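Okay, thanks everyone, I'll keep this short. Let me put the thing up on the screen and then we'll walk through the helices and the cores.

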Amino acid sequence: MTGIGWLIAACEIAFWLVIIVGLVSRYIWKKEKLGFLLLALTPVIDMVLLIATSWDLAKGATATTVHGIAAIYIGSSIAFGKSMIAWADERFQYYITKTGPKPLKRYGVQYAKHQMKGWVSHVFAYLIGAGLLLGIIYFINEPSRTEALWNILKIWTLALGIDLVISSSYFIWPRRNAHSKEM
């Protein structure tokens, strides 16, 4: 794995560590401000990755799939970051501190709407990540050095379309509660 690949892995690990330590600070140590500060650091992790990726490419590196994944990571982190933190917060309260309500299980139309909301977030992540990819392609302006980024963009576009089909399918074939007597 390249240096950028290791940095992406480190950023992903740092993202979740910051969230976990932030939640521990908030709920176990009762340090609300520290918890908030740690949770607010998640965008800083994205900036580190963005700067490092840009620097690597600016100094002449040929863009690789790993550089493309950095753009996906940044777009996803921005688009899904708040909901991922809320998801972790809800589960931490219920399963660790035993103070919050049980996480909601969704079925039927409620589940379908939730999945479609996730797809809209995926579109937002795509727009951010694709914007970064296109910006890098434009900035480098050497097709031989940016071919991997075009390939990432094509695959991500396909994945976005597949996600739409799957998310939409829940309106046609709703997710059912396995424990319900409804069939």
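So, α6: its buried residues pack against α3, α4 and α5, with α5 being 108–140. Keep in mind that this is a predicted model. Which residues of α6 are buried? Going along the helix, we have Arg 145, Thr 146, Ala 148, Leu 149, Ile 152, Leu 153, Trp 156, Leu 160, Ser 167 and Ser 169. In a helix, residues three or four places apart point the same way, because there are 3.6 residues a turn.

Leu 149 comes up again, since α6 has a kink of about 25° centred on that residue. End to end, though, the 30 residues of α6, 143–172, reach 43 Å from first C-alpha to last, close to the 44 Å expected.

Now over to α1. Its 26 residues should span 38 Å at 1.5 Å a residue, and the end C-alpha atoms sit 36 Å apart, so that agrees. After α1 comes Lys 30, with a positive phi near 60°.

Next, the cores. The largest nonpolar one has 20 residues, and the members touching the most others are Ile 19, Leu 23, Ile 45, Leu 49 and Tyr 73. At least two residues each come from α1 (3–28), α2 (32–40), α3 (42–58) and α4 (65–96). Which helix gives the most? That's α1, with 9 residues.

Take Leu 23: leaving out anything up to four places away in sequence, Leu 23 touches Ile 28, Ala 88, Asp 89 and Phe 92. And apart from this core there's another, of 17 residues, including Ala 71, Ala 79, Leu 133 and Ile 136.

Technical notes: Residues are numbered from 1 along each chain as its sequence is written. This is a predicted model: local features need pLDDT of at least 70, side-chain atom pairs count only at pLDDT 80 or more; totals for chains, interfaces and linings use all residues. Side-chain values use heavy atoms; hydrogens and water are left out. A nonpolar core is a set of buried Ala, Val, Leu, Ile, Met, Phe, Trp, Tyr and Cys residues joined through side-chain atoms within 4.5 Å. Buried means under 20% relative accessible area, exposed over 50%, partly exposed in between (1.4 Å probe, protein chains only). Helices (H or I, at least four residues) and strands (E, at least two) are DSSP runs, numbered from the N terminus. Contact means heavy atoms within 4.5 Å. The expected span of a helix is 1.5 Å times one less than its number of residues. The bend at a residue is the angle between axes fitted to the seven residues ending there and the seven starting there.
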